[in-house]
Amino acid sequence: VILFNTMSSLKQLYAISMDVHDRFRTESHSSVEPSFNERFILSLGKNPNCIVMDDELNVLPLSSSIRDFPKEPEEGNLEELEEEKKVVAPVVPAKKPGQALASLKSSIKFSEVLTKLVDLCKTGDQGKATIQLIEGISEKKTNLTMTITAARGRGKSASIGIGLASAIVCGYSNILVTAPHPQNVKTLFEFILKGLTALGYKEHSDYEILEGMQDEWKGCVVRINIFKGHRQTIQYIEPGDYHAATHAEILAIDEAAAIPLPIVKKLMGSYIVILSSTIHGYEGTGRSLSIKLFHELRYKSVPGQGYKEISLVEPIRYGLDDPIERWLYDLLCLDATDIAPLTKGL
């Protein structure tokens, strides 16, 4: 619900100034044309879950499509409506979203570690991806690359975090995490800590958390020191510090699509590499990775080099086939890589 006071026309929102505009102002370009504002307001008219009204609850022309909704039947037509319902073919009940996850959990009861970590997952899809990551990590193979791709809101960063928590139990000592900015790995570190807690680790007695000291890094976890057994660390590095990954045992690259491909290639080495990429999102389209790097890993891998592809489809942030997600994708052009077929000739 968004309420506006003293507004005579929605067109006033076209020129409204937003905080994000400050990022684009420079000495040579002091003014910003808020073109997106108009696109956003007009998109609300195509959103069936949005209604725009004035202070007298009159539906404005922008939401004229809302008037096409079927009206409630009158009392005299209720019996006819009930009769129509009886002749409608029975609908086969769809499989409930939680059934796949429950089935997966019951199949891994033999492993206490797996059970505790998969309990942190929200969907069966995420649970399977997490198990694949844990299996790859537990094999302790060098020259293994695992890629995990998904649209936004599917839980890929959380899966990597849970997987890295399992690496501590497996005895890995030097684990590195990189992304364009520490803000990008907040969720990843959050689920590392959730995984450690699920496995019985306690802050202060078993591990300590270090946050960034720089202004733009404040509030972001950049290092976790574990000392329950031997000394173990999980540390954030900037993508440009690829030379620091020389002695890494595991390197997780989150939002790799937003990192220049030459730097991503320099980050890879003779250790386990976990590459995460958003295929639809504002961090990057991921096309450079999928067309070039993933293709090379898939078809040109050298003997002894392992490669595993993982993908997530089932949404967590949204419901399945959520119209809000569809509207958001159209508004932000997040599915720009999906080519629509031509209905007419050129």
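The exercises below treat the salt bridges, the sheet and the nonpolar cores of one predicted model.

Residues are numbered from 1 along each chain as its sequence is written, and side-chain values use heavy atoms, with hydrogens and water left out. Local features need pLDDT of at least 70 and side-chain atom pairs count only at pLDDT 80 or more, while totals for chains, interfaces and linings use all residues.

**Exercise 1.** Determine how E112 and K116 are placed in helix α4 and whether each is buried, partly exposed or exposed.

Solution. The two side chains form a salt bridge at 3.0 Å, N to O, where the term requires a side-chain nitrogen of Lys or Arg within 4 Å of a carboxyl oxygen of Asp or Glu. Both residues belong to helix α4 (residues 112-118), and because they are four residues apart they are separated by about one helical turn; helices (H or I, at least four residues) and strands (E, at least two) are DSSP runs, numbered from the N terminus. K116 is partly exposed at 31% relative accessibility, whereas E112 is exposed at 55%; buried means under 20% relative accessible area, exposed over 50%, and partly exposed in between (1.4 Å probe, protein chains only).

**Exercise 2.** Find which parts of the chain are joined by the salt bridge between E255 and K156.

Solution. The closest N and O atoms of E255 and K156 are 3.6 Å apart. E255 lies in the loop between β6 (250-253) and α8 (261-267) and K156 lies in helix α6, so the pair ties together parts that are 99 residues apart in sequence. Both E255 and K156 are buried.

**Exercise 3.** Give the order of the strands in the sheet and identify its edge strands.

Solution. Eight strands form an open sheet of mixed pairing, in the order β3-β4-β5-β2-β6-β7-β1-β8, two strands being paired if DSSP finds at least two bridges between them. The edge strands, each pairing on one side only, are β3 (207-211) and β8 (306-312). Within the sheet, β6 and β7 (residues 272-278) pair in the parallel sense over four bridges, and L251 stands opposite V273 in β7.

**Exercise 4.** Describe the nonpolar cores and name residues that belong to them.

Solution. A nonpolar core is a set of buried Ala, Val, Leu, Ile, Met, Phe, Trp, Tyr and Cys residues joined through side-chain atoms within 4.5 Å. The largest has 49 residues, and those with the most contacts inside it include L164, F189 and I224. Apart from it lies another core, of 18 residues, among them L251 and V273.
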